[in-house]
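Dear colleague,

I am handing over the structure we spoke about, and you will find the sequence and the coordinates together just below. My notes on what was found follow after them.

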Amino acid sequence: MKKLIPVICAVILVGGMTAAAVLLNNCEIIFPEIAAIAVGALVAPKFSWNANKLRIFIYITVCAVIGVVLVKWLPLPIWAQMIIAFLLAQILLVNSKTSFAPMISAIVLPVMLQTDTPIYIVSAVILTALILLCRMAFEKGKVLEDNEFSPLPKPHWSEYKNVLWRTLFAVVMIIPALLLDFQFIVAPPLLVAFTEFTNPNSKARGTPVKSVALITVCALLGAGLRYIFCINCWLLPLYVVSAITILCVILLMRAVKIYIPPAGAISILAMLIPESAVLWFPLQILIGSTVFMLVAKLIFK
């Protein structure tokens, strides 16, 4: 029962988020990265990042604000905004003294979707706070082990060199992906995954084929369930499909014993994209995750 409680909580949070978006007729409420935070903070056997709850809350808030500000007040093409957003997120991550890479998606997602209202910020802040409060309650109730946080040392110059390399490769990917309308090759959770893949200590990096397969299957679950039950024939509301999707993703990760938080975000991102993009979504994720993993293994040794 102890293992089931956090899973139920994650499913309720993701389903409730989507239900609020449907009832209020505002898709900006859907914050896919909340699925990643739920996987890493509630479902994985060990807390997925070297970070404490306060820093996670602060950086998600700051990054969500920066993303919306870039869209609203930076008059540049989307591809240029995305590159700047990714670079800023990398710099913030390196100087945060944490390994909390999901903050990258919090900046880049509103840029990709051209979200310029405070609704996205409010949603990201409230949902992140709810997950962190759940984590605190589970730690207090001994459902989950206490998270130990040791701030990372001041970044070495080589970290900034890696930031530059990651950004340069992101430029190579982002510009053609957006110009060719194949933008989900550089979906924000994939940029998070790419950053994590470049970490030599990353567990996902140690099992590249399984990791790419897991990410792709999660994309297939989200897109497939949405297409079958919400697009092809209206059998279930979107919030029910979202809840089923994250439950399937969690069960899959437990079955293969690999926990990749961005894969959870990718599965829920499939609920947010235009209907015309749903069928091509898993293929784009497969291509993007494969390329990012290859680059991470070949260049970041």
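How far apart are the mean positions of the positive and negative charges of the protein chain? For the 21 positive and 11 negative charges, the two mean positions are 10 Å apart. Please keep in mind while reading that this is a predicted model, and that the values given here are computed from it.

To begin with the overall build, the protein chain has 13 helices and zero strands, so that from the N terminus on every element in the order is an α. The C-alpha trace spans about 50 × 45 × 40 Å along its principal axes. A compact globule of 301 residues would have a radius of gyration near 19 Å, and because the protein chain has 18 Å, its value agrees with that expectation. Of the 301 residues, 53% are buried, while the accessible surface comes to about 13,400 Å², with 71% of it belonging to carbon and sulfur atoms. Among the contacts between residues at least 6 apart in sequence, 77% join residues that are at least 24 apart.

Turning to the interior, the largest nonpolar core has 101 residues, and those with the most contacts inside it are F31, L42, I104, V186, I215, F281 and F292. The helix that gives the most to this core is α6 (residues 118–140), which supplies nine residues. Apart from this core lies another one, of five residues, which include L225, L238, V241 and M271. If you would like one residue to look at in the largest core, F292 touches F169, M173, I185, V186, L190, L191, F194 and F197, when residues up to four places away in sequence are not counted.

Two further residues, E33 and L87, may be worth viewing one after the other. E33 lies in helix α2 (residues 33–43), and it counts as buried because its relative accessibility is 0%, which is under 20%. Leaving aside neighbours within four places in sequence, E33 is in contact with P102, S105, P189, V192 and A265. The C-alpha atoms of E33 and S267 are separated by 9.9 Å, although these residues are 234 residues apart along the chain. L87, for its part, has its place in helix α4 (residues 78–95), and at 34% relative accessibility L87 counts as partly exposed. With neighbours within four places in sequence again left aside, L87 is in contact with V163 and T167, whereas the C-alpha atoms of L87 and A263, 176 residues apart along the chain, are separated by 22 Å.

Lastly, there are two backbone details in the loops. K142, in the loop between α6 and α7 (157–179), has a positive phi of about 65 degrees although it is not a glycine. Is K142 buried or exposed? With a relative accessible area of 58%, which is over 50%, K142 is exposed. D181, found in the loop between α7 and α8 (188–197), likewise is not a glycine and has a positive phi, in this case of about 60 degrees. D181 is exposed as well, since its relative accessible area is 55%.

With kind regards

Notes. Residues are numbered from 1 along each chain as its sequence is written. This is a predicted model: local features need pLDDT of at least 70, side-chain atom pairs count only at pLDDT 80 or more; totals for chains, interfaces and linings use all residues. Side-chain values use heavy atoms; hydrogens and water are left out. A nonpolar core is a set of buried Ala, Val, Leu, Ile, Met, Phe, Trp, Tyr and Cys residues joined through side-chain atoms within 4.5 Å. Buried means under 20% relative accessible area, exposed over 50%, partly exposed in between (1.4 Å probe, protein chains only). Helices (H or I, at least four residues) and strands (E, at least two) are DSSP runs, numbered from the N terminus. Contact means heavy atoms within 4.5 Å. The radius of gyration is taken over C-alpha atoms; the globule rule is 2.2 Å times the number of residues to the power 0.38. Accessible areas come from the Shrake-Rupley method with a 1.4 Å probe; for residues, only the protein chains shown count as cover. Lys and Arg count as positive and Asp and Glu as negative; His and the chain ends are not counted. The place of a charge is taken as NZ of Lys, CZ of Arg, CG of Asp or CD of Glu.
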